[in-house]
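Please look over the structure shown here before reading on. The report deals with overall make-up, one residue and one surface patch.

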Amino acid sequence: MDGNVLFALALTLFAGLATGIGSLLAFVTKRTNTKFLSLALGFSAGVMIYVSMIEIFVKAKDALVNELGASQGYWLTVIGFFSGIFVIALIDKLLPKSTNPHEVKGVEDMDLQPSNDEYTKLMRMGLFTALAIGIHNFPEGIATFISAMQDPNLGIAIAIAVAIHNIPEGIAVAVPIYYATGNRKTAFKWSFLSGLAEPVGAIVAVLFLMPFLNDVMFGMIFAGVAGIMVFISLDELLPAAQKYDEAHLSIYGVVGGMAVMALSLLLIA
């Protein structure tokens, strides 16, 4: 298999398995480090918004304009961008609120002792949350893989940003399952498995998209990736960062993420 493909798959696997980090954090700490979490989530949002609007969207537009001309290429770029937003928003809409990975849970939720009749409900909620996160992470895996294939440095930045935002999702899976079973290994296993949807998405991209990947398809996919990243940032990362915010740390994180991303793009240009 081509080295670039293996590298892209490895990055996607790294990003997906960060859900396991979230479950581990739920077991080794009593309280969420809210300052760090707010700053990190804001940083991730800044990276994803900047790279989507400044780098990914522009590359998609260039590819489509070169193939189809200025007017049609630009139109298809915009259509691809909002199609990505529509797909990820539809996935969000179809998921029940209680299992939606965007309904952020913190380590503090482990302090909430359930009554006996709530254990079954907690287990069900944890498993559905794992399933919901898996569904939600599948297009992210495709996005990370395609980005890494086109530009390895860009893929690294996106994989790190996605990994950061997967950590609270791991907590969301681990907390209810741990309290339903009392078993840390079971909670970690389901949190870990939910993250595997991202490398599965990458494998689907290898098997079904790569044989047909020309400049037009690449441009459309890249435009959709930009839309997915922007939606995740605005709908998930920023609200979560605000939830844990102290002294405007979330916005400082956003600006810092944008600055680091901008500098990295300048250095590799």
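What follows is a short description of the model, from the whole chain to single residues.

This is a predicted model, in which local features need pLDDT of at least 70 and side-chain atom pairs count only at pLDDT 80 or more, while totals for chains, interfaces and linings use all residues. Residues are numbered from 1 along each chain as its sequence is written, and side-chain values use heavy atoms, with hydrogens and water left out.

The protein has 10 helices and 0 strands, where helices (H or I, at least four residues) and strands (E, at least two) are DSSP runs numbered from the N terminus. Of its 269 residues, 51% are buried, buried meaning under 20% relative accessible area, exposed over 50%, and partly exposed in between (1.4 Å probe, protein chains only). Among contacts (heavy atoms within 4.5 Å) between residues at least 6 apart in sequence, 88% join residues at least 24 apart.

Two residues illustrate these terms.

| Residue | Helix | Relative accessible area | Class |
|---|---|---|---|
| T19 | α2 (residues 18–28) | 0% | buried |
| I160 | α6 | 40% | partly exposed |

Leaving aside residues up to four places away in sequence, T19 touches N137, N166, G170, S191, F192, S194 and G195.

I160 joins F7, F14 and I156 in a nonpolar surface patch of about 330 Å². The elements giving two or more residues to this nonpolar patch are α1 (3–16) and α6 (152–181). Patches are made of residues with over 30% relative accessible area and no salt bridge, nonpolar side chains (Val, Leu, Ile, Met, Phe, Trp, Tyr) being joined within 5 Å and like charges within 9 Å; a salt bridge is a side-chain nitrogen of Lys or Arg within 4 Å of a carboxyl oxygen of Asp or Glu.

Note on methods
Accessible areas come from the Shrake-Rupley method with a 1.4 Å probe; for residues, only the protein chains shown count as cover.
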